Amino acid sequence: MVLPRPGSGFRLRLIRSGHGGAEVGKMAWRGWAQRGWGCGQAWTLPVCGGSYEELTAALAPSRLLRRRFNFFIQQKCGFRKAPRKVEPRRSDTSSEAYKRSALIPPVEETAFYPSPYPIRTLVKPLFFTVGFTGCAFGSAAIWQYESLKSKVQSYFDGIKADWLDSIRPQKEGDFRKEINKWWNNLSDGQRTVTGIIAANVFVFCLWRVPSLQRTMIRYFTSNPASKVLCSPMLLSTFSHFSLFHMAANMYVLWSFSSSIVNILGQEQFMAVYLSAGVISNFVSYVCKVATGRYGPSLGASGAIMTVLAAVCTKIPEGRLAIIFLPMFTFTAGNALKAIIAMDTAGMILGWKFFDHAAHLGGALFGIWYITYGHELIWKNREPLVKIWHEMRTNSPKKGGGSK
């Protein structure tokens, strides 16, 4: 008997029958197993003689083995998994805009969808800006009317309260009394901005809640590429992601609060502040759409720039100083010119650390309102106040016949 070399492609041929055939069958089984695990073709065994049944029984387990491990053998022999196709990452110019600043949250690229028609994006924000500004000044006029009416009533109530306090035993160490004393020692401007500062601190705490991140990004950051356009123009005015950003803005607001409230009054100041936040964000929208540099913005800087510009325009000879460099002082007029020049350069050159368009829009609105807006808007509020007075008192004119 001659056995071929494994893998030669020759068939095994029997020369003898009987017991020799059985031995050859065992050798054929071992050869088939070796070739089967080596992923080649199994040897075929043409049998001669009377030992066919024995060889058939010997080859039966091998067929079962071949079927059972067929998949394993194919994986081992050359069937490999197709390489995973890696989709190229979409390049978005807006992602670079907000990744360069540490004052805004890390926003996913898929959070914003620039409109194929950018000019149409500004239609709704424009109507919202005009409508909200009108409602803000109208509400401020009604608020002033109600506050003047309540002051008359509180004057008589105050006389009665002072008389009761004089005969009432005083409590020492009362915590509520200390709070009232601290509150009464504040100026009108400081008491007014205390609520604004509290709102900013509350929103800042909401940014620290992980489950609210998507909601905060959608409603408390302003971006013309976002699905929600109008409400973030107001809500982002009270939104700060960085502690340093919020502390700096609130310090400036607290510093100028007394001056701006003495100039405008409490009610008019609130109308100007809220309107300035919306108007500055609208200017930011226009700049982003015009340049194609989309990205989220947040913070009270635009409204605070309005306050600062209004004070500097009204009191140009006032002396100001930088927070960390109090030894260097300069006039308010020169400070306003430097701020406008810096924000103009930043908007043209595309600086990303601040939203220079919002700063510039807020500053220009503050200058305009002190120069012209006060005469055009606030001094023409009397017709609205008369209508509210008639509705409030519910006393329409009786009679009114012609003389």
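In this predicted model, helix 8 and helix 11 pack with their axes 8 Å apart, at an angle of about 165°. Because angles over 145 degrees count as roughly antiparallel, helix 8 and helix 11 are roughly antiparallel to each other. The crossing of this pair, helix 8 with helix 11, is right-handed.

On the side of helix 8, the contact is formed by Asp188, Gly189, Gln190, Thr192, Val193, Thr194, Ile196, Ile197, Asn200, Val201 and Phe204. Their counterparts in helix 11 are Leu243, Met246, Met250, Leu253, Trp254, Ser257, Ser258 and Val261. By residue class, the contact of helix 8 with helix 11 comprises 11 nonpolar, 7 polar and 1 charged.

**Helix 11 against helix 12**

Helix 11, spanning residues 243-264, also meets helix 12, spanning residues 266-291; their axes come within 8 Å and cross at roughly 120°. That angle makes helix 11 oblique to helix 12. The crossing of helix 11 and helix 12 is right-handed. Helix 11 contributes Leu253, Ile260, Val261 and Leu264 to this contact, while helix 12 contributes Gln266, Gln268, Phe269, Val272 and Tyr273. The residues of the contact of helix 11 with helix 12 divide into 7 nonpolar and 2 polar, with no charged residue.

Leu253 and Val261 of helix 11 occur in the contact with helix 8, and Leu253 and Val261 are also listed in the contact with helix 12.

**Salt bridges**

The structure holds 3 salt bridges. They are set out below with their N to O distances and the relative accessibility of each partner.

| Salt bridge | Distance, N to O | Relative accessibility, basic residue | Relative accessibility, acidic residue |
|---|---|---|---|
| Arginine 392 and glutamate 146 | 3.0 Å | arginine 392, 41% | glutamate 146, 22% |
| Arginine 191 and aspartate 188 | 2.5 Å | arginine 191, 24% | aspartate 188, 47% |
| Lysine 379 and glutamate 375 | 3.0 Å | lysine 379, 44% | glutamate 375, 43% |

The side chains of arginine 392 and glutamate 146 meet in a salt bridge at 3.0 Å. Arginine 392 belongs to helix 16 (residues 382-393) and glutamate 146 to helix 6 (residues 123-167), so this pair ties together parts that are 246 residues apart in sequence. Arginine 392 counts as partly exposed at 41% relative accessibility, and glutamate 146 is partly exposed with a relative accessible area of 22%.

The pair of aspartate 188 and arginine 191, with an N to O distance of 2.5 Å, has its setting within helix 8 (residues 188-207). Because they are 3 residues apart in that helix, aspartate 188 and arginine 191 are separated by about one helical turn. Aspartate 188 is partly exposed at 47% relative accessibility, and arginine 191 is partly exposed at 24%. Aspartate 188 is also one of the helix 8 residues that meet helix 11.

In the remaining pair, the side chains of lysine 379 and glutamate 375 meet at 3.0 Å, N to O. Lysine 379 counts as partly exposed at 44% relative accessibility, and glutamate 375 is partly exposed with a relative accessible area of 43%.

**Cysteine 205**

Cysteine 205 is found in helix 8. At 44% relative accessibility, cysteine 205 counts as partly exposed. Cysteine 205 and phenylalanine 241 are separated by 36 residues in sequence, and their C-alpha atoms lie 9.0 Å apart in space.

Key:
Residues numbered from 1 in each chain as written. Predicted model: local features only at pLDDT ≥ 70, side-chain atom pairs only at ≥ 80, totals over all residues. Heavy atoms only, no water. Axes fitted to C-alpha atoms, helices over the stretch in contact; angles between N-to-C directions. Helix = DSSP H or I, 4+ residues; strand = E, 2+ residues; numbered from the N terminus. Parallel < 35°, antiparallel > 145°, perpendicular 65-115°, else oblique. Left-handed = near helix turned anticlockwise from the far one by under 90°. Contact = heavy atoms within 4.5 Å. Nonpolar A, V, L, I, M, F, W, Y, C, P; charged D, E, K, R; others polar. Salt bridge = Lys/Arg side-chain N within 4 Å of Asp/Glu carboxyl O. Buried < 20%, exposed > 50% of the residue type's maximum accessible area, 1.4 Å probe, protein only.
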